[in-house]
Amino acid sequence: MADRMLQFPHVQQHQPDKRAVPERREDFNEIYRSFSVQAAELQSSRCSQCGVPFCSIHCPLSNDIPDWLKLTAEGRLEEAYEVSSATNNFPEICGRICPQDRLCEGNCVIEKGFESVTIGAVERFITDHAFEAGWVRPIRPHLERDRSVAIVGAGPGGLAAAEQLRKRGYRVHVYDRYDRIGGLMIYGIPGFKLEKEIVTRRHTLLEQGGIVFHLGRGIGDVDDDETIAFSTLRARHDAVLIATGVYKSRDMGGPGVGLPGIVKAIDYLTASNRRSLGDVVPDFDSGLLDASGKHVVVIGGGDTAMDCVRTAVRQGAASVKCLYRRDRANMPGSLREVKNAEDEGVDFVWLAAPEAFLGDNTVPGSVRAVRAVRMKLGLPDATGRQSVDAVENSGFTLPADLVIKALGFDPEPLPTLWGEPALEVSRWGTLKVGHTSFMTSLPGVFGAGDIVRGASLVVWAIRDGRDAAASMHRWLQENAQESAQESARVNTQAAAE
């Protein structure tokens with residue numbers, strides 16, 4: 001079937017069709033339509049089957065991309081799903097939200113005149129089709145072990161680890177302070193990028209596989225109605241994985257920064273997503289976290305900022321501007337998302353940074369404008385990224401009824417919150433773990449995902465969760481052997497006496 005591959009000189013790159021801008025501005029449904037079987041096969045046939053697959057090398061999960069592209073091109077979709085899911089717990093999610101333009105597709109070896117293979121959309125198609133065909137089945141371990149593990153955090157890293165450990169037969173309990181699984185996938189990422197039933201579908205599947213979820217119950221330093229003490233958790237389970245993610249929003253200074261109407265991105269996105277899920281959200285109903293009819297300014301340039309500006313458009317904002325201190329080429333977010341935002345009417349104010357927030361005397365205490373200054377790029381620093389400096393006498397003012405700070409996230413102080421000072425953290429507040437063991441300073445307690453590496457991509461959290469699960473399995477096996485040897489020694493000594 002080799003003639004079905006290497007079709008890139010004859011078949012143009014094609015992404016799934018997008019819904020029309022006027023239509024998609026009105027709702028939170030995904031903007032990309034799904035590939036047909038024929039379209040997926042045709043796009044997969046563009047793969048050059050190169051000897052050194054840079055797409056796989058630059059995928060954090062080292063997905064066997066050329067293999068499942070070839071199987072898709074040949075119409076062997078069930079096999080393609082088996083290969084795709086062998087290295088990725090949630091390929092249908094990664095296919096939707098990974099920045100393929102910076103990872104697999106961005107490193108495709110096909111010459112740019114012919115353009116890269118459409119990897120992400122095919123990845124999404126394969127698993128969506130597998131669900132429809134009934135090929136995706138709950139976990140059925142070959143053996144049941146009498147040891148249990150606790151996963152703290154039901155985000156992508158925790159869920160990936162939970163699935164891997166359940167496959168090995170462990171009794172897996174997942175604890176999360178929120179009432180739904182998914183972490184930022186459910187409350188941070190808007191539906192136009194990831195519809196919520198995609199996440200809840202996985203929830204059902206994991207529960208059917210025997211994973212037990214304890215939702216709406218956080219971890220703390222005492223046992224009460226809302227929290228479980230971390231010490232209780234350790235006593236209850238044979239091993240613990242901390243995969244809480246990072247939720248502490250980075251802040252900024254400047255005159256007027258405390259004015260009402262200046263909000264955190266996580267609060268804004270959570271309110272919108274909860275509203276879409278049918279929850280009652282008082283801060284949305286009051287208008288505090290609703291952009292309808294407002295002039296909105298979002299500060300930041302990452303994917304969270306893109307989520308905020310595109311959400312504001314759908315809420316009916318009067319205008320939406322993204323204020324970013326660097327230029328387009330230096331945006332940390334996906335350029336594909338920038339293009340989608342521009343298409344939907346977002347105005348990007350490049351090379352600009354806020355210096356003050358102005359209130360309105362007619363509405364005491366409410367933000368009404370952002371005073372900003374133009375920036376210029378300087379010489380690269382040690383990391384290779386250019387410095388930014390303010391341009392003298394370049395101030396200007398943007399009207400703003402709602403200002404959203406999308407400046408990134410830092411770890412919460414877990415040792416303090418959980419009453420566990422022996423849990424070591426780095427100077428950035430992330431957990432210190434062994435590079436290969438994933439174990440923290442506490443025996444039997446492991447860490448994975450953003451709480452270890454800092455705010456990063458979903459695909460990296462999945463990778464860390466899988467690696468941590470493998471390390472936990474090794475540790476549990478070694479610990480069981482040591483316990484058995486110690487028990488045998490004690491029994492032998494008792495018999496001799």
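**Close-up views of a predicted model**

**View 1. A salt bridge between strands S12 and S13.** Glu355 is partly exposed, with a relative accessible area of 36%. The model shown in this and the other views is predicted. The partner in this view, Arg371, is also partly exposed, at 34% relative accessible area. Glu355 and Arg371 form a salt bridge in which the closest N and O atoms are 3.3 Å apart. Glu355 belongs to strand S12 (residues 352–360) and Arg371 to strand S13 (residues 363–380), so the salt bridge ties together parts that are 16 residues apart in sequence. Elsewhere, salt bridges that share partners join Arg24, Arg310, Arg314, Glu337 and Glu344 into one network. The next view takes up part of that network.

**View 2. Arg310 and two salt-bridge partners, Glu337 and Glu344.** The structure holds 34 salt bridges. In one of them, Arg310 pairs with Glu337, and the closest N and O atoms are 2.5 Å apart. This pair links distant parts of the chain, since Arg310 sits in helix H14 and Glu337 in helix H15 (residues 335–343), 27 residues apart. Are Arg310 and Glu337 buried or exposed? Both residues are buried. Arg310 forms another salt bridge with Glu344, where the closest N and O atoms are 2.9 Å apart. Here too, distant parts of the chain are linked: Glu344 lies in the loop between H15 and strand S11 (347–349), Arg310 lies in helix H14, and the two are 34 residues apart. Glu344 counts as buried because its relative accessibility is 0%. The value for Arg310 is 0% as well, so Arg310 counts as buried.

**View 3. Helix H14, the helix that carries Arg310.** Helix H14 covers residues 303–314, which makes 12 residues. From the first C-alpha to the last, helix H14 reaches 17 Å, close to the 16 Å expected at 1.5 Å a residue. Why is H14 described as largely enclosed by the rest of the structure? The reason is that 10 of its 12 residues are buried. Among them are Asp307, Arg310 and Arg314, along with Ala305, Met306 and Cys308. Val309, Thr311, Ala312 and Val313 are also buried. Just after H14, Gly316 takes a positive phi of about 90°.

**View 4. Helix H7 and the loop before it.** Helix H7 has 15 residues, which should span 21 Å at 1.5 Å a residue; its end C-alpha atoms are 21 Å apart, which agrees. Of those 15 residues, 13 are buried, so H7 is largely enclosed by the rest of the structure. Just after H7, Gly134 takes a positive phi of about 80°. The loop between helix H6 (91–97) and helix H7 (119–133) contains Val109. Val109 is partly exposed, with a relative accessible area of 41%. Which residues form a nonpolar patch on the surface with Val109? They are Val52, Phe54 and Ile57, and the patch formed by these residues and Val109 has about 340 Å² of accessible area together.

**View 5. Arg202 in helix H10.** Helix H10 covers residues 196–208, and Arg202 lies within it. Arg202 has a relative accessible area of 5%; a residue under 20% is called buried, so Arg202 is buried. Its side chain makes a polar contact of 2.7 Å with the side chain of Glu92. Which residues does Arg202 touch, not counting those up to four places away in sequence? They are Asn89, Phe90, Pro91, Glu92, Thr127, Phe131 and Glu163.

**View 6. Tyr247 in the loop between strands S6 and S7.** The loop that holds Tyr247 runs between strand S6 (239–242) and strand S7 (248–249). Tyr247 is buried, with a relative accessible area of 16%. Leaving aside neighbours within four places in sequence, Tyr247 is in contact with Arg177, Tyr178, Gly183, Leu184, Phe409, Asp410 and Glu412. One of these, Leu184, has its backbone nitrogen 3.5 Å from a polar atom of the Tyr247 side chain. Tyr247 and Ala382 are 135 residues apart along the chain, and their C-alpha atoms are separated by 28 Å.

Conventions. Residues numbered from 1 in each chain as written. Predicted model: local features only at pLDDT ≥ 70, side-chain atom pairs only at ≥ 80, totals over all residues. Heavy atoms only, no water. Helix = DSSP H or I, 4+ residues; strand = E, 2+ residues; numbered from the N terminus. Buried < 20%, exposed > 50% of the residue type's maximum accessible area, 1.4 Å probe, protein only. Polar contact = N/O pair within 3.5 Å; in protein donor to acceptor, adjacent residues only side chain to side chain. Contact = heavy atoms within 4.5 Å. Expected span 1.5 Å × (residues − 1). Patch = residues over 30% accessible without salt bridge, like charges linked within 9 Å, V, L, I, M, F, W, Y side chains within 5 Å. Areas by Shrake-Rupley, 256 points an atom, 1.4 Å probe, with all protein chains shown as cover. Salt bridge = Lys/Arg side-chain N within 4 Å of Asp/Glu carboxyl O.
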